[in-house]
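Reader: Hello! Could you take a close look at one part of this protein for me, and then show me how that part sits in the rest of the chain? I work at the bench, so plain language is welcome.

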Amino acid sequence: MTGRVNEGPIQAYDGPPDYRKVGRHEVFPQMSHDEVERLNVLAQLNRHLSTRLIPGVKQAWETRALPAFEKAHGRAPEDRHEVRKALLKDPAFQTWSALRRLTMEQRQQAGRWTTLRQAEELAAKAAALNAGSDQLELDPALKIPRYVSAVDHHCMPGSYHVERFEGDVSGGANYDHGGFATTGGLLGRFSDGGGHAVVRWVKRRLPDFKPRRILDIGATVGHSVLPIAQAFPDAEVIAIDVGGPMLRYAAARAASLGVTNIRFVQADGADLSRFETGTFDWVQTTMFLHELSLTSMKAIFAESRRVLAPGGVVLHVEQPQYAPTMPLFEQALRDWDAFYNNEPFWSTLHEIDLDACMVEAGFAESELIHDGVTAVVDREVFPDAADDDSEDYGRKAAWRVIGARKAPKEAQ
């Protein structure tokens, strides 16, 4: 057997850790035994889908669906869309896809059940933690971009912005405590493996980098930005998002975890006019680009360069692009989120030339950065993505980095 395990015979099953290992904080929802076990079942099912069923889908493609396509068309598929349409006719793909969609829907409903029954209590806890603090700045008049308001992202009712009552944090609480079920624990105890991965990358690649001001765009509840703030305690960190309930929860969560050098601001990354030109040493997004319209993404790229100081760094962490070297079967399965998981911009994001978009935003080709990172977690409790040879085409905590380092002032 060669290559990744999911490219060969079915691997031995190795499930995620028990949900009771998940890290708690003061605003984390209280959970009953049954609520915990619902998320345990969903986490186990997601892991089962990626380690046991996807190899079968691949086998069905190679031995059944692909030959049927070639017989019908007299040629091999030319792109991922033809592969996806051929797979739609195969019972192996149908079963896997239906189960995967089911786990997303049930994960959201399980999370909502837990948070909505205690929504007022959670709001009161968050309000107490945020009272008198300058770590939260909301803008009730902010216009929610249509790419957010028109989509219940990854089956999350109300997306990131819907507020059910004044002071509501239930959306953030749902996002925080239920993510374990989707990732199977691969992001670690506090779902912050992505943030730790970026910190490790910066410490290794830019050992002399001492950012004084950091901007995180699309922060949601702060999973990825808190490790950055903790790793650079002397830096001023500003984390923005359009969702008020997410930010209320994020600020309370940060306060309860003792992270004080961060401020959560309700703002649209496509319009950073509140910030002066050249005032951030580091601009960051983590698994955010795929939820943006192309227009908003290009605006964010341009605004990120504008606010970046000379010598500063911008880093975007995402799932890999659909390069010509990526097999069409893998592209088709990675595209699943665009068609069946309420991620309408996923497909376009992963096929466009991001280098060209960065250059269009004003970066020189010589300034561009390309690399890869994997989630950094507590290995005694959670599996490390670097050690995980399974592949579920979109969920694994292994990402690509595209970014740039702006030329120093004297070189411009």
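**A close look at the largest cavity**

Author: Gladly! Five elements each supply at least two residues of the lining of the largest cavity: the helices α3 (91-116), α5 (146-149) and α6 (170-183), and the strands β2 (213-217) and β3 (236-241). Please keep in mind that you are looking at a predicted model. Among the contributors to this lining, α6 has the largest share, with five residues.

How many cavities of 30 Å³ or more does a search of the whole structure find? There are four, and the largest has a volume of about 930 Å³. Its lining is made up of 45 residues, and the closest to its centre are His154, Tyr160, Tyr175, Met287 and His290. As for the chemistry of these walls, 19 of the lining residues are nonpolar, 17 are polar and nine are charged.

His154 is a good residue to pause on. Among the residues closest to the centre of the largest cavity, His154 is found in the loop between α5 and α6. Those two helices both supply residues of the lining as well. Is His154 buried or exposed? The relative accessible area of His154 is 13%, and buried means under 20%, so His154 counts as buried. The backbone of His154 also deserves a glance, as its phi is positive, near 35°, in a residue other than glycine.

Now follow the chain on from β2, one of the strands that supply the lining. In the loop between β2 and α8 (225-231) you will find Gly222. With a relative accessible area of 0%, below the 20% limit, Gly222 is buried. The C-alpha atoms of Gly222 and Ile262 are separated by 9.8 Å, with their positions 40 residues apart along the chain.

This stretch also carries an annotation. An unreviewed UniProt entry lists residues 214-312 as "domain: Methyltransferase". In the model, that span is 34% helix and 27% strand, and its end C-alpha atoms lie 10 Å apart.

Two other loops and tails are linked to distant parts of the sequence. Leu257 is in the loop between α9 (244-256) and β4 (262-266), and it is partly exposed, with a relative accessible area of 30%. From C-alpha to C-alpha, Leu257 is 6.7 Å from His25, although 232 residues separate the two in sequence. Pro408 belongs to the segment after β8 (398-405) and is partly exposed too, at 37% relative accessible area. Pro408 and Pro310 are 98 residues apart in sequence, while their C-alpha atoms are 4.5 Å apart.

Some backbone details are worth finding on screen. Helix α1 (residues 33-73) bends by about 45° at Trp61. Just after α1, Gly74 takes a positive phi of about 70°. Asn342 has a positive phi as well, about 55°, although Asn342 is not a glycine. Asn342 lies in the loop between α12 (336-340) and α13 (346-351), and with 27% relative accessibility it counts as partly exposed.

Finally, step back to the whole chain. Its secondary structure comes to 14 helices and eight strands. Along the principal axes, the C-alpha atoms fill a box of roughly 65 × 55 × 40 Å. Why does the radius of gyration agree with a compact globule? For 412 residues, such a globule would have a value near 22 Å, and the protein chain has 21 Å. Of those 412 residues, 57% count as buried, and His154, where we began our tour of single residues, is a buried residue.

Key:
Residues are numbered from 1 along each chain as its sequence is written. This is a predicted model: local features need pLDDT of at least 70, side-chain atom pairs count only at pLDDT 80 or more; totals for chains, interfaces and linings use all residues. Side-chain values use heavy atoms; hydrogens and water are left out. On a 1 Å grid over the protein atoms alone, a cavity is a set of points where a 1.4 Å probe fits but cannot get out, and a pocket is an open set with protein on both sides within 12 Å along at least five of seven lines; lining residues have an atom within 4 Å of a point. Grid points are joined across faces, edges and corners, and a volume is the space filled by probe spheres set on the points. Helices (H or I, at least four residues) and strands (E, at least two) are DSSP runs, numbered from the N terminus. Ala, Val, Leu, Ile, Met, Phe, Trp, Tyr, Cys and Pro count as nonpolar, Asp, Glu, Lys and Arg as charged, and the others, Gly among them, as polar. UniProt positions are given in the numbering used here, feature names are shortened, and annotations may be inferred rather than shown by experiment. The bend at a residue is the angle between axes fitted to the seven residues ending there and the seven starting there. The radius of gyration is taken over C-alpha atoms; the globule rule is 2.2 Å times the number of residues to the power 0.38. Buried means under 20% relative accessible area, exposed over 50%, partly exposed in between (1.4 Å probe, protein chains only).
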